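Got your viewer open? Load the model below, and let's walk through it one selection at a time.

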Amino acid sequence: MTCSVTHTVSFSLPLLNLSHPASTPGHTENEQPSLVWFDRGKFYLTFEGSSRGPSPLTMGAQDTLPVAAAFTETVNAYFKGADPNKCIVKITGEMVLSFPAGITRHFANNPAPAVLTFRVLNYNRLEHVLPNPQLLCCDNTQSDASTKEFWVNMPNLMTHLKKVSEQKPQATYYNVDMLKYQVSAQGIQSTPLNLAVSWRCDPASTDLRIDYKYNTEAMTTPVALNNVQFLVPVDGGVTKLQAVLPPAVWNAEQQRILWKIPDISQKSENGGVGSLLARFQLSEGPSTPAPLAVQFTSEGSTLSSCDIELVGAGYRFSLIKKRFAAGKYLADN
């Protein structure tokens, strides 16, 4: 059994370092209250009434305390040509618990609260799991590989939340990182959007073709990929675009072409299978093929199939959110 008693709460998991860097469109930032938003790789959760200021959370010692949970996963992938066997995939994730601000006053009035215990389901889909060593304890002798039970070091949690409340007195909720993990990936089958890119580079022109395929098998519950962006640099002195399908935006200063598709899903044309085509007239050709970079976000599902449930009394989940997004999602000729 493992448990530690220090108070630092930050820890990290190495990310995929692909050898083909590319400029990628950034995440948008939203600040509308009372909703859940994804910002710079983190979930931000708010609770009932938070838009009207910090929740007083007036309750008796026997009432259940509201807790929110969020799974955030990032899929990194590198596709080489049209060969599925050359696809490299790494999926990382984190699970965050969020507490309403009023919980600190509750803990102050009830210094010996029930231990917050939860179970992660489909735990066998994970590898390289890093529980927060300052806040989580677990039994490493559990026999069922598909689930894993954790319990929170409550003195450390109360100390941390009290410290955060003093640093951020106006906050309506406090996010606490609990788990970081890597998901067992099965190559191209684990990518929600399969890609293949091909270039034909002549001295006077370049033909670019991007094929994509929505892959339901990668997701627990098939959900739409939102705000899908395909970005490709094209050198060789582009003077004119011809036969661009569907329409795209050419940035002459940065020498990049960008396709934007609002969403791709099973309900899309051809079940989410499509192609992007462009022909470029050149003055200084031929072009040198460059990596395609793709970005997307998705709400309501994970790639790991992980879920969470509470064990014992004292707490209730007011919200469980799941989301994944593209990290370094690249395709080469």
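Before we click on anything, one term: two strands count as paired if DSSP finds at least two bridges between them. Keep in mind too that this is a predicted model.

**Stop 1: the whole chain.** Show everything as a cartoon. You should find 2 helices and 19 strands. Of the 333 residues, 48% count as buried. Now think about contacts between residues with a separation of 6 or more: 78% of them link residues 24 or more positions apart. Switch on a surface and you'll see about 15,900 Å² exposed, with carbon and sulfur atoms supplying 50% of that.

**Stop 2: strand 16.** Select residues 273-282 and show the side chains. In a regular strand, side chains alternate between the two faces of the sheet. Here Gly274, Leu276, Ala278, Phe280 and Leu282 point to one face and are buried. Val273, Ser275, Leu277, Arg279 and Gln281 point to the other face and are not buried.

**Stop 3: the partners of strand 16.** Add residues 205-214, which make up strand 11: this strand runs antiparallel to strand 16, joined by 9 bridges. Look for tyrosine 212, standing opposite glycine 274. Next add strand 13, residues 238-245, which is also antiparallel to strand 16 and is joined to it by 5 bridges. Which residue in strand 16 is the bridge partner of leucine 241? Zoom in and you'll land on phenylalanine 280.

**Stop 4: an open sheet.** Now colour 9 strands in the order 6-9-4-3-19-17-12-15-14; they form an open sheet with mixed pairing. Strand 6 (126-131) and strand 14 (249-251) stand at the edges; each has a single partner strand, so one side of each is left without a neighbour in the sheet. From one strand to the next, the twist averages 20°.

Stay at one edge and select residues 173-183, strand 9. Its link to strand 6 is antiparallel, with 4 bridges. One pair to label is proline 131 with leucine 179, its bridge partner in strand 9.

**Stop 5: helix 2.** Select residues 154-167. This helix lies across strand 4 (88-100), strand 9 and strand 19 (315-332), and it runs at about 125° to strand 9.

**Stop 6: two cysteines.** Select cysteine 201 and cysteine 306. Which is buried and which is partly exposed? Cysteine 306 has 0% relative accessibility, so it counts as buried. Cysteine 201 comes in at 27%, so it counts as partly exposed. And if you go hunting for disulfides, the structure holds 0.

Conventions:
Residues are numbered from 1 along each chain as its sequence is written. This is a predicted model: local features need pLDDT of at least 70, side-chain atom pairs count only at pLDDT 80 or more; totals for chains, interfaces and linings use all residues. Side-chain values use heavy atoms; hydrogens and water are left out. A disulfide is a pair of cysteine sulfur atoms within 2.5 Å. Buried means under 20% relative accessible area, exposed over 50%, partly exposed in between (1.4 Å probe, protein chains only). Axes are lines fitted to C-alpha atoms, for helices over the stretch in contact, and angles run from 0 to 180 degrees between N-to-C directions. Contact means heavy atoms within 4.5 Å. Accessible areas come from the Shrake-Rupley method with a 1.4 Å probe; for residues, only the protein chains shown count as cover.
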